[in-house]
Amino acid sequence: MVKENLNRIVSTIPEGVRLIAVSKTKPVEMLQEAYDAGQRLFGENKALEMRDKHAVMPNDVEWHFIGHLQTNKVKYIAPYVSLIHSIDSLTVLEAVDKEARKHERVIDCLLQFHIASEETKFGLDMDEARQLLESDEYRELHHVRICGVMGMATNTGDMDKVRSEFAHLRNIFSDLKCSYFKDNDFFKEISMGMSHDYAIAIEEGATLVRVGSSIFGERIYI
Ligand SMILES: *Cc1c(COP(=O)(O)O)cnc(C)c1O
């Protein structure tokens, strides 16, 4: 089913938008199935799980980290991760910079914003983002590169609400672009949209969509 699901979704993704197959909790056999169908971008939300899957999957997979990142877990993803979507503090950004330096690489990152009305979702607000970007500490980091923003909409069937939260994230992106990244072509990513709302996210300007259950089936947490 993975191949059929993937092909169906890929056919709805316009040029200029990249699909991340969110494979968290799923066995590598299913990732391999998606890989064989042509998928190269995979998203995981646990550092150790990503490390273990990276060890056995082909080398040309692009690994996207999309979960809450603890500073002491950065070392498990730093050697190979393509993009960390979930930077929500200066502390975690500093930890990523430190590990990236050890591997002599620059790690691309997104700032995660809190755009949903649920209390539980991680993320910065605009004031916190400005504080981070204007701090002396941030200016000293040379092994991370902030390439855009990420957010999760409220888990609701109210699609007008979801749409307005995505529009809000797009406005945040534009504000930051104007204030801090005007001459930086690499600041171009808006990561938003999951299985049930990615089509709306694309209409509202997403450049990266993160789709899990529509490709791999519902997740079972034990
Ligand atoms: C799990 C997850 C997704 C994918 O969710 P689905 O509803 O299964 O498509 C996307 N983004 C993040 C941050 C996730 O944790």
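I will go through the overall fold of this protein and then the surroundings of its ligand, keeping in mind throughout that the model is predicted.

Let me begin with the protein as a whole, which contains nine helices and eight strands, and whose C-alpha trace spans about 50 × 45 × 35 Å along its principal axes. For 222 residues, a compact globule would be expected to have a radius of gyration near 17 Å, and because the protein has 17 Å, the two agree. Of those 222 residues, 49% count as buried, while the surface that the protein exposes comes to about 10900 Å², with carbon and sulfur atoms supplying 48% of it. On the contact side, if we take the contacts between residues at least 6 apart in sequence, 60% of them join residues at least 24 apart.

Turning now to the ligand, the residues that surround it include Val 22, Lys 24 and Ile 66, the methionines Met 150, Met 152 and Met 194, and also Val 211, Gly 212 and Arg 219. The shell as a whole divides into six nonpolar, three polar and three charged residues.

Which polar atoms does the ligand meet? One ligand oxygen atom is 2.5 Å from an N or O atom in the side chain of Ser 195, and a nitrogen atom of the ligand has a polar side-chain atom of Arg 210 at 2.8 Å. With Ser 213, by contrast, the backbone takes part, since a polar backbone atom of that residue is 2.8 Å from a ligand oxygen atom. As for cover, the ligand on its own has 390 Å² of accessible area, and the protein covers 92% of it.

Notes
Residues numbered from 1 in each chain as written. Predicted model: local features only at pLDDT ≥ 70, side-chain atom pairs only at ≥ 80, totals over all residues. Heavy atoms only, no water. Near = heavy atom within 4 Å. Polar contact = N/O pair within 3.5 Å; in protein donor to acceptor, adjacent residues only side chain to side chain. Areas by Shrake-Rupley, 256 points an atom, 1.4 Å probe, with all protein chains shown as cover. Nonpolar A, V, L, I, M, F, W, Y, C, P; charged D, E, K, R; others polar. Helix = DSSP H or I, 4+ residues; strand = E, 2+ residues; numbered from the N terminus. Rg over C-alpha atoms; globule rule 2.2 N^0.38 Å. Buried < 20%, exposed > 50% of the residue type's maximum accessible area, 1.4 Å probe, protein only. Contact = heavy atoms within 4.5 Å.
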